[in-house]
Amino acid sequence: MENKRIIIATVICFVILVAWQYLADYMGWVPQQQNAENTQVETQAAENAAAEPARTDLNLNAAPFFAPGEGKNIVVRTPLYTAIFHSAGGILESFVLNDISETSSPHSPFLDMIGKVAKSASPMGLLVNGQPSWNTGVWKISADNLILEKGETQALVFEGNVNGLFIRRELSFDAVTYLIKEKITYDAEAGKAFIARIGYTLAGTEYSSSSTYNPMQVVWNKESSYENDSDVGKLREEGMVESGQLLFAGLSNNYFLSAVAPQSKNGLVKARIQSDVWRVAYEEQPLTINAGSPVVSELAWWFGPKDAKLLETAPNELIKTIHYGFFGILAKPLLWLLSFFQSFVGNWGVAIILLTVFIKIIFWPLTKKSYKSMEQMKKIAPLMEDVKKKYGNDREKLSKEMMQLYRTYNINPMSGCLPIFVQLPVFIALYNALLNSENLRHAEFITYLPFTDILWLADLSVKDPLYITPLVMGATMFLQQWLSPAVGDPTQRKVMMLMPVIFTFMFLNFPSGLVVYWLCNNVISIAQQWWTLRKVR
């Protein structure tokens, strides 16, 4: 029975590890539409509204690229990023993160959150009743380039007239964060009125090489619930739509985020992939704008890494884009400990090893008890076989005699399984912590294979390019199996010996930081197992 429990526990671990990413990516999705606004306004406003498409016609199926109007580029440089805006409508041409490279290569350029292709989809543009404002209006800019030093805040103002609708966009930049605050003031020409549906655009390409463990996603927050969609096929063919109390919407992967967070928190979001460009549009509830009665809207934008400290102070629960899964309550303190160790040793790989040692020390009492139980089970295995032969056809009697055998030799049959179930949430929590920690992106451990100039563990967020760590990890699992007491029938032992092969195959493409953790965990377990069984014997 003990053997069956161990097999069941191991299979459960395997199933969870294989299915975890697929379960995490899975989400319910039901397109919704919002009813047309029936508010009665002045006669001129009604005529303007009648000429515009319905609210749900926010169209991402049309040609994705809109050329900007006449104007010039404006550069905003802070210690964290260098952004280029176009004076026609304030659309974003590029957003380069200072000191954050695209790859771990020494000569890699800095990461542009927009990219050359996606800039043509006009991110940070304003849609007025579904139409681009940046090339249908006449715009002017308040200032030339801005350079912010640490601790400074400055503003950039874009003013435009879009068919009689006056728009004033005031963008506020802070040198210590990636958050951009915006205040928009709307007014109408004399004698005119508008029912204006204002939309905000986002666009980007893959922030890094896509993989099962670091997918590009459309993300949003509906009624304080974090949601995402990474189904590339569906986003290309159908797109997605969501409406209701939406706190933010944007694009994300494990390490980076582009998002818009309107103050009104009530709107419609659509997303689609076109020509390899991920496009998102967020549209707010219609505004009634009368001449001489300005209407003000406020919102925030985020372009940059998922820095937990900075996102904690960001509005509209943007911190939820750092998603640690079901065991997030364990992931956060583990990540804090990891950062604590790294602050002393200056190497994230060594910090992972120290964290592994710390976890093994915490669980040592349970682990020791488990190993002792395994050895005791081996000793009474002949007696168990005798009981099975004697009462094999009487399940009730067999169970009763087995329990009596456990009591006689003071053995807890569950003690061998308990450490597995207790440590499984910790492993899953650490798995998600390492997978979603922006600090581990391009974090080095052993940059070059010893005694060579071959790049090895130069980036803990990607797989081991030489597959050395997963293969060694598999070998340590075989060694663990060999050291474990040979209990159970031959078939069960063969099943157990297959597990190292399965785990090795799974870990081949895991981020190397996770493989380092599991390898270190195995090595320490082998040492603990050898020492404990030696003492018991």
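**Close-up views of the predicted model**

**View 1. Strand β13 and its two partner strands.** In β13, G199 is the bridge partner of L127. The model shown here and in the views below is a predicted one. L127 lies in strand β5 (residues 126–128), which is joined to β13 by three bridges in an antiparallel arrangement. Strand β20 (residues 277–284) also pairs with β13 in the antiparallel sense, over six bridges. Within that pairing, R279 of β20 is the bridge partner of A203.

**View 2. The two faces of strand β13.** Seven of the seven residues of β13 (residues 198–204) are buried, and the strand is mostly covered. In a regular strand, side chains alternate between the two faces of the sheet. In β13, one set, made up of I198, Y200, L202 and G204, points one way, while G199, T201 and A203 point the other way. Residues of both sets are buried.

**View 3. The open five-stranded sheet.** The strand order in this sheet is β4-β3-β2-β1-β8, and the pairing is mixed. Strands β4 (110–112) and β8 (146–147) form the edges, each pairing on one side only. Strand β3 (residues 92–101) runs antiparallel to β4, and two bridges join them. At this junction, S101 stands opposite F110 of β4.

**View 4. The buried and exposed sides of helix α8.** Helix α8 (residues 381–391) has M384, V387 and Y391 as its buried residues. These residues lie on the same side of α8 because they cover an arc of only 60 degrees around the axis. P382 and K389, on the other side of α8, are exposed. Among the elements that cover the buried residues of α8 are α7 (364–379) and α9 (395–408).

**View 5. The largest nonpolar core.** This core comprises 123 residues. The residues with the most contacts inside the core are F85, F95, F173, Y186 and Y200. Helix α10 (residues 418–435) contributes ten residues, the largest share of this core. Y200 also appears in View 2, where Y200 is one of the residues of β13 that point the same way as I198.

**View 6. A separate nonpolar core.** Another core, of ten residues, lies apart from the largest one. Its members include I380, Y391, L398 and Y406. Y391 is also one of the buried residues of α8 shown in View 4.

Key. Residues are numbered from 1 along each chain as its sequence is written. This is a predicted model: local features need pLDDT of at least 70, side-chain atom pairs count only at pLDDT 80 or more; totals for chains, interfaces and linings use all residues. Side-chain values use heavy atoms; hydrogens and water are left out. Buried means under 20% relative accessible area, exposed over 50%, partly exposed in between (1.4 Å probe, protein chains only). Two strands pair if DSSP finds at least two bridges between them. The arc is that of the directions from the helix axis to the C-beta atoms. Contact means heavy atoms within 4.5 Å. A nonpolar core is a set of buried Ala, Val, Leu, Ile, Met, Phe, Trp, Tyr and Cys residues joined through side-chain atoms within 4.5 Å.
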